[in-house]
Amino acid sequence: MADSGLLLKRGSCRSTWLRVRKARPQLILSRRPRRRLGSLRWCGRRRLRWRLLQAQASGVDWREGARQVSRAAAARRPNTATPSPIPSPTPASEPESEPELESASSCHRPLLIPPVRPVGPGRALLLLPVEQGFTFSGICRVTCLYGQVQVFGFTISQGQPAQDIFSVYTHSCLSIHALHYSQPEKSKKELKREARNLLKSHLNLDDRRWSMQNFSPQCSIVLLEHLKTATVNFITSYPGSSYIFVQESPTPQIKPEYLALRSVGIRREKKRKGLQLTESTLSALEELVNVSCEEVDGCPVILVCGSQDVGKSTFNRYLINHLLNRIFFLFSFLKICSLPCVDYLECDLGQTEFTPPGCISLLNITEPVLGPPFTHLRTPQKMVYYGKPSCKNNYENYIDIVKYVFSAYKRESPLIVNTMGWVSDQGLLLLIDLIRLLSPSHVVQFRSDHSKYMPDLTPQYVDDMDGLYTKSKTKMRNRRFRLAAFADALEFADEEKESPVEFTGHKLIGVYTDFAFRITPRNRESHNKILRDLSILSYLSQLQPPMPKPLSPLHSLTPYQVPFNAVALRITHSDVAPTHILYAVNASWVGLCKIQDDVRGYTNGPILLAQTPICDCLGFGICRGIDMEKRLYHILTPVPPEELRTVNCLLVGAIAIPHCVLKCQRGIEGTVPYVTTDYNFKLPGASEKIGAREPEEAHKEKPYRRPKFCRKMK
């Protein structure tokens, strides 16, 4: 380009215009190819000369322009305001010049995306050139009609079912990227004929013609459709939640592309607003996917750790989608009929991925995750309700629950372990205990500039450090030596004779992230609470009838009637007097659990448990009311009746019902039930501070009080 600049200054005007005239059929230099060069103004002539010099620098021979007249005239340019790219010669005519033109198009200027075309109410068509992306916000249903695209690490090919994409306000915007796909040795005419046949069942004649006019090899054709689900309708029915899925532009436009995308329910965003992965993140993903698909002696256990807001959950979703892609490819190659799956162990109580908050669960994932957690809740393979968004000052119960849930892992597929963002002080020691307990094969440790300092969790560091409940390898060796020396003189209990947890070592993978964060220490707690409320609302949306039936308010649904003597009660997060236990259960979020003990021997009830059991949780519900005359609980839950027959325990924790559920129900006139300004905080169990098991140090940072809801019983 430096030589071209010198040529522009020193070259004569006459010779330059002669080159323009000869190369004009090959280089589409103007919007009107038949317009004379003499009619252009000074700025137009300068622009044409500059494009000619750029073409010369990229290797185009202008002397053979006369031979390319018919080919350039046959090439139709898209209906855009941007200049069309230089047409490539066909492989059959000039195979030796194809690499030069490919390098010219890659280093000169990327192929621009054609405008979006509306193809019906709530439908739009998008043509994506190879290695180009379309970043958007909103929700839509994506179908790949021709080619291959990738969304959030998951590859969607032609012929596959449509996928629901959620690019919402609470997380980074998603992008649709066109990928290289295997292309047989066919001419461009044959490729167009093949693409036209695939589009017949989806588009009309005019839309197919528009697609073929803008079609190019290695181009992907994507159909965007309006998406409405019961979950979306239920969440957006509450005030303040509609902006999460659909965002209105501050300055409405009249462009055809904007109107077409608006009918779908999305909005085009700048590339910088999309999800940007660092090189270390991409290399870690590639290494873990290769290990998961090539390992023969068992499946890898991948533990992801790091401080808050460094991208652990985003990495987990991306890794799940990548693994599903690769495993699906292997299964199809080996002709295996079973579905590809990835196991997921959730150890983060506050920001759960597939369940409501406060749970430790093990899930078998067979479908891609293309959105935030509240858009893809799943039924776990095994789940325990802990009852709080944090495990502070109750670590032993947390470790026991993780052991109980991890025991259900069958080692038939790769396992991803998500951990908490608390990695300082006792949180770091608890993380060391988890590494020793789960014995992962790979530990992915996240770092960023704004995160707190965290030492490298190498196998040697984990061996030399004491956890909260496990000892270092050096101390265990000394302990074994002392036990062997004094074994004849002392008698030990069974706990002392048990062998310690054996740690086999792991491979540490460091990942550096550099996100543009909107979360600060001041608004982190409120942001996390919003995400927890959205997960609960998403779970309650399962009570709604399927689309397109209208929504039903929660107070209009018929609850289940559960006798007092059929279930046992336990408040997990605080000590409540037995006389006030029903006040705490009423209008609360309850876990529907199954314990081994038989509780049907009692005649009256309620049945109270002295300790919190470690038991399976089958689902959740809302205790809508308590009938003291008939001695019944009224439970509203989406759990099917065949599973409710095995429920014999109700656990109440610190996870509260979202305020909008109680205050913004449609169809309620007059006084809203359970909402009052006259509330007695002196009642045991009325607040988290009064009657709580945690010491006072846990509440010095920020005291928390439960919302002012009146616990009235019939």
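Colleague: Why is the contact between E225 and R123 called a salt bridge?

Modeller: The closest N and O atoms of E225 and R123 are 3.7 Å apart. A salt bridge needs a side-chain nitrogen of Lys or Arg within 4 Å of a carboxyl oxygen of Asp or Glu, so at 3.7 Å this pair makes the cut. Mind you, this is a predicted model, where local features need pLDDT of at least 70 and side-chain atom pairs count only at pLDDT 80 or more, while totals for chains, interfaces and linings use all residues. Residues are numbered from 1 along each chain as its sequence is written, and side-chain values use heavy atoms, leaving out hydrogens and water.

Colleague: What makes E225 and R123 distant parts of the chain?

Modeller: They sit 102 residues apart, with R123 in strand 2 (residues 123-128) and E225 in strand 8 (residues 220-225). Strands (E, at least two residues) and helices (H or I, at least four) are DSSP runs, numbered from the N terminus.

Colleague: Is E225 buried, partly exposed or exposed, and how do you know?

Modeller: Its relative accessible area is 22%. Buried means under 20%, exposed over 50%, and partly exposed in between (1.4 Å probe, protein chains only), so E225 lands in partly exposed.

Colleague: What about R117 and D207: how do you know they form a salt bridge?

Modeller: Their side chains come to 2.8 Å, N to O, and that is within the limit, so the pair counts. R117 belongs to strand 1 (residues 117-120) and D207 to helix 7 (residues 205-213), 90 residues apart.

Colleague: Why do R117 and D207 get separate burial labels?

Modeller: R117 has 24% relative accessibility and counts as partly exposed, whereas D207 has 4% and is buried.

Colleague: How many salt bridges are there by this rule?

Modeller: The count comes to 13. One of them joins R267 and E269 at 2.9 Å, and both of these residues are buried. Shared partners tie R267, E269 and K273 into one network.

Colleague: How many disulfides are there, and how do you know?

Modeller: Zero. A disulfide is a pair of cysteine sulfur atoms within 2.5 Å. Take C615: the closest cysteine sulfur, in C593, is 4.3 Å from its own, so that is too far for a bond. C615 is buried at 4% relative accessibility, and C173 is buried too, at 10%.

Colleague: What makes K189, R193, R196 and K200 a positive surface patch?

Modeller: Lys and Arg count as positive, Asp and Glu as negative, with His and the chain ends not counted. Patch members have over 30% relative accessible area and no salt bridge, and like charges are joined within 9 Å. R196, found in helix 6 (residues 188-199), is partly exposed at 33%, so R196 clears the area threshold.

Colleague: What is unusual to look at in the backbone of D425?

Modeller: D425 has a positive phi of about 55° although it is not a glycine. This residue is in the loop between strand 14 (415-418) and helix 13 (426-438), and at 64% relative accessible area it is exposed. D309 also has a positive phi, about 60°, without being a glycine; look for D309 in the loop between strand 10 (301-305) and helix 11 (312-334).

Colleague: Is the peptide bond from M547 to P548 cis or trans?

Modeller: Cis, with omega near 5°. P548 lies in the loop between helix 17 (524-540) and strand 17 (560-563).
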